[in-house]
Amino acid sequence: MANLLNVALGFLLIVSVALDLSPVNAQRRCTEILDPNNCVPDDCKNECIQKHNGNGLCVGSSGTGQFACACTYDCNLDESNSLN
């Protein structure tokens with residue numbers, strides 16, 4: 001019985017070492033306001049794709065009742081660190 005337990009623990013140890021993958025280098029997400037006033041959805045989407053290959057959406061501006069074009073995209077670590 002003890003031998004079976006040792007084999008099982010050894011197997012789990014080998015599997016856990018084998019599954020120890022290198023850490024994932026996750027992308028940071030950045031957001032840039034491309035147009036703070038009068039967002040047009042198609043224009044916002046197209047400008048964001050051209051500028052950052054990102055996703056442009058019209059979002060409500062606080063208190064103004066207008067919509068701003070917000071572009072969300074994958075940014076590199078250097079750029080995201082400079083924003084913090």
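Here are some informal notes on the chain shown above, which is a predicted model.

1. Let's start with the overall layout. The secondary structure comes to 3 helices and 3 strands. If you walk along the sequence, you meet them in the pattern α-β-α-β-β-α. Try tracing that order in the 3D view before you read on.

2. Next, the chain as a whole. It has 84 residues, and 17% of them count as buried. The exposed surface is about 6,600 Å², with carbon and sulfur atoms supplying 57% of it. How much of the contact list comes from residues 24 or more positions apart? Such pairs account for 55% of the contacts with a separation of 6 or more.

3. Now find the largest nonpolar core. Its 9 residues are C30, L34, C39, C44, C48, C69, C71, Y73 and C75. Three elements each give two or more residues to this core: β1 (28-35), α2 and β3 (67-75). Which of them gives the largest share? That is β3, with 4 residues. As background, nonpolar side chains in soluble globular proteins tend to be buried together.

4. L34 is a good residue to click on. Leaving aside residues up to four places away in sequence, L34 touches C44, E47, C48, K51, C69 and C71. Of these neighbours, C44, C48, C69 and C71 are also listed in the core. Keep K51 in mind, since that residue comes back in point 7.

5. Helix α2 deserves its own look. This helix covers residues 41-52, which makes 12 residues. From its first C-alpha to its last it reaches 16 Å, close to the 16 Å expected at 1.5 Å a residue. A handy rule for looking at any helix: an α-helix has 3.6 residues a turn, so residues three or four places apart point the same way.

6. On to the charged pairs. How many salt bridges does a search of the whole structure find? There are 2. In one of them, the side chains of D74 and R29 meet, with an N to O distance of 2.6 Å. D74 lies in strand β3 and R29 in strand β1, so this pair ties together parts that are 45 residues apart in sequence. D74 counts as partly exposed, at 44% relative accessibility.

7. The other pair is K51 and E32, whose closest N and O atoms are 2.9 Å apart. Because K51 sits in helix α2 and E32 in strand β1, the salt bridge links parts that are 19 residues apart in sequence. Both ends are partly exposed: K51 has 46% relative accessibility, and E32 has a relative accessible area of 24%.

8. Finally, check the backbone at two asparagines. Most residues other than glycine have a negative phi. N38, though, has a positive phi, near 55°. Where is N38 found? Look in the loop between β1 and α2. N38 is exposed, with a relative accessible area of 56%.

9. N53 is the other one, and its phi is also positive, near 55°. N53 follows α2, and its place is in the loop between α2 and β2 (55-60). Is N53 buried or exposed? At 67% relative accessibility, N53 counts as exposed.

Note on methods: Residues numbered from 1 in each chain as written. Predicted model: local features only at pLDDT ≥ 70, side-chain atom pairs only at ≥ 80, totals over all residues. Heavy atoms only, no water. Buried < 20%, exposed > 50% of the residue type's maximum accessible area, 1.4 Å probe, protein only. Contact = heavy atoms within 4.5 Å. Areas by Shrake-Rupley, 256 points an atom, 1.4 Å probe, with all protein chains shown as cover. Expected span 1.5 Å × (residues − 1). Core = buried A, V, L, I, M, F, W, Y, C linked by side-chain atoms within 4.5 Å. Salt bridge = Lys/Arg side-chain N within 4 Å of Asp/Glu carboxyl O.
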